[in-house]
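Let's take a walk through this protein together, with the sequence and the 3D view side by side. We will stop at a pocket and then at a pair of rings.

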Amino acid sequence: MSAKLPFSSVGIIGSGLIGTSIGLALSKKGVSVTMLDQDSRTQGIAQALMGNQGEEISGAELVIAAVPVSAFPMVITTLERATFKSVLIDVTSIKIKPVLEVSKSSLSSSQFLPTHPMAGREFSGVESARADLFEGRPWMIDSTGVEQQALAWGKALIESLGAQVIDMPAADHDQAVALVSHLPQLISSLLAKQLTGKPASWLELSGGGLRDTTRIAASDPTLWKEIIAANSSAIAPLLKSLASDLNSLVSNIESESFVAGVIKDGQAGIALIPGKHGGKAREYTYLPIVIEDKPGQLAAIFDECAKVSANIEDLSIEHSPGQETGLITLAVSHSDAAILKAHLESEGWDVHAPRS
Ligand SMILES: NC(=O)C1=CN([C@@H]2O[C@H](COP(=O)(O)OP(=O)(O)OC[C@H]3O[C@@H](n4cnc5c(N)ncnc54)[C@H](O)[C@@H]3O)[C@@H](O)[C@H]2O)C=CC1
Ligand SMILES: O=C(O)C(=O)Cc1ccc(O)cc1
């Protein structure tokens, strides 16, 4: 039994990005983890990563369903057949649907904790899994009607992975993620689509702005088509509102004051996004450092940060083709910025004036 966790064995159904990331983090804490997947190759890799043999899933104290939205009913059927009586947790990106599906099954609704980690990557699959994926991220649960032990186990699991529990009703969650996750995914995909068929020489000019706004366009269409379909009623009004804003912009694109208003409204919106631990909006200092285009520069900067205990909150790298130098910008706290700038300069790095 792990020192901190109230359970010692976990079965994870779905050995992709999310399932294997949870498994890796739990294995590191001494929990016995059994990985299952419909794909035997994937299951083999995931189980090998856990460093143990795996056991019968029906014997696990806690089962986590980490499958696509459409596969959750199959997980329910598997557990029904195994007369599974213990705690079940899911991680699917929408919440009303799985709650309804469990309520219609012979599984106990009070032993089922619906959850959603607001962490992930644009790359799916077992190969993309990382034990630290959930560190510092919000992880939604809906505790409505959930029995005490199931709730305590779910919270212990989430907190042990370094995530922050946010309890809200499934219906509120689905409205919220339509805005903060599903709309951004669709906009990112539509934006990236505009790039197809354009001259490669134009795309060579791409900077951080395009990269920031299109990163999640690399996401898996199979996974996302199901998420969007399951939450379409919450997403549709947001798309209509956006379409109306786009139409107004098209009509007023020649008006400087209208465009200034669009940019200003965006500033007001971005200021509302909380910092990485769900606290107040970001207040970082951005430190630009010129680096040479040779291997090891990034690692060397991280090493210097560690020497003065500077915590990197975020970073961006700008690099033009054929250029022998690049620019790395570190986002750090105000106090870390001053210490880090002085330290890097004393070590001979080319550090430029910080900006807020
Ligand atoms: N990708 C992301 O960033 C996030 C995904 N999620 C949710 O987590 C769930 C898993 O997503 P990912 O790990 O990204 O997907 P993934 O595609 O990396 O992994 C899903 C795995 O489930 C397996 N699978 C499908 N049907 C199965 C079945 N009936 N029985 C056993 N295994 C089955 C697939 O073979 C695949 O290995 C999804 O419901 C998704 O909405 C939640 C938060 C973030
Ligand atoms: O990569 C990102 O920034 C994400 O936002 C990943 C993500 C994808 C799906 C979810 O349900 C939650 C998070």
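Please keep in mind that this is a predicted model. A good place to begin is with two helices, H6 (170-193) and H10 (232-251), each of which supplies at least two residues to the lining of the second largest pocket. Of the elements involved, H10 gives the most, with 4 residues. The volume of this pocket is about 180 Å³.

Which residues would you click on to see its walls? Select Ile 187, Leu 190, Leu 191 and Gln 194, and then add Leu 239, Leu 242, Ala 243 and Leu 246 to complete the lining. Sorted by class, that lining holds 7 nonpolar residues and 1 polar residue, while charged residues are absent. Gln counts as polar, so Gln 194 is the polar member of the list.

Now for the rings. Searching the whole structure turns up 3 aromatic pairs. One of them joins Phe 7 and Trp 153, whose ring centres are 5.7 Å apart. Are these rings stacked, edge-to-face or tilted? Their planes meet at 55°; stacking would need an angle under 30 degrees and edge-to-face one over 60, so the pair is tilted.

Where do the two partners sit in the chain? Phe 7 belongs to the segment before strand E1 (9-13), whereas Trp 153 is part of helix H5 (residues 148-160). The pair therefore ties together parts that lie 146 residues apart in sequence.

Finally, are these two residues buried or exposed? Phe 7 has a relative accessible area of 0% and is buried. Trp 153 is at 8% relative accessibility, so Trp 153 counts as buried too, the cut-off being under 20%.

Note on methods:
Residues numbered from 1 in each chain as written. Chains lettered and ligands numbered in written order. Predicted model: local features only at pLDDT ≥ 70, side-chain atom pairs only at ≥ 80, totals over all residues. Heavy atoms only, no water. 1 Å grid on protein atoms, 1.4 Å probe; cavity = no way out; pocket = protein on both sides within 12 Å on 5 of 7 lines; lining within 4 Å. Points joined across faces, edges and corners; volume = space filled by probe spheres on them. Phe/Tyr/Trp six-rings, centres within 6.5 Å; stacked < 30°, edge-to-face > 60°. Buried < 20%, exposed > 50% of the residue type's maximum accessible area, 1.4 Å probe, protein only.
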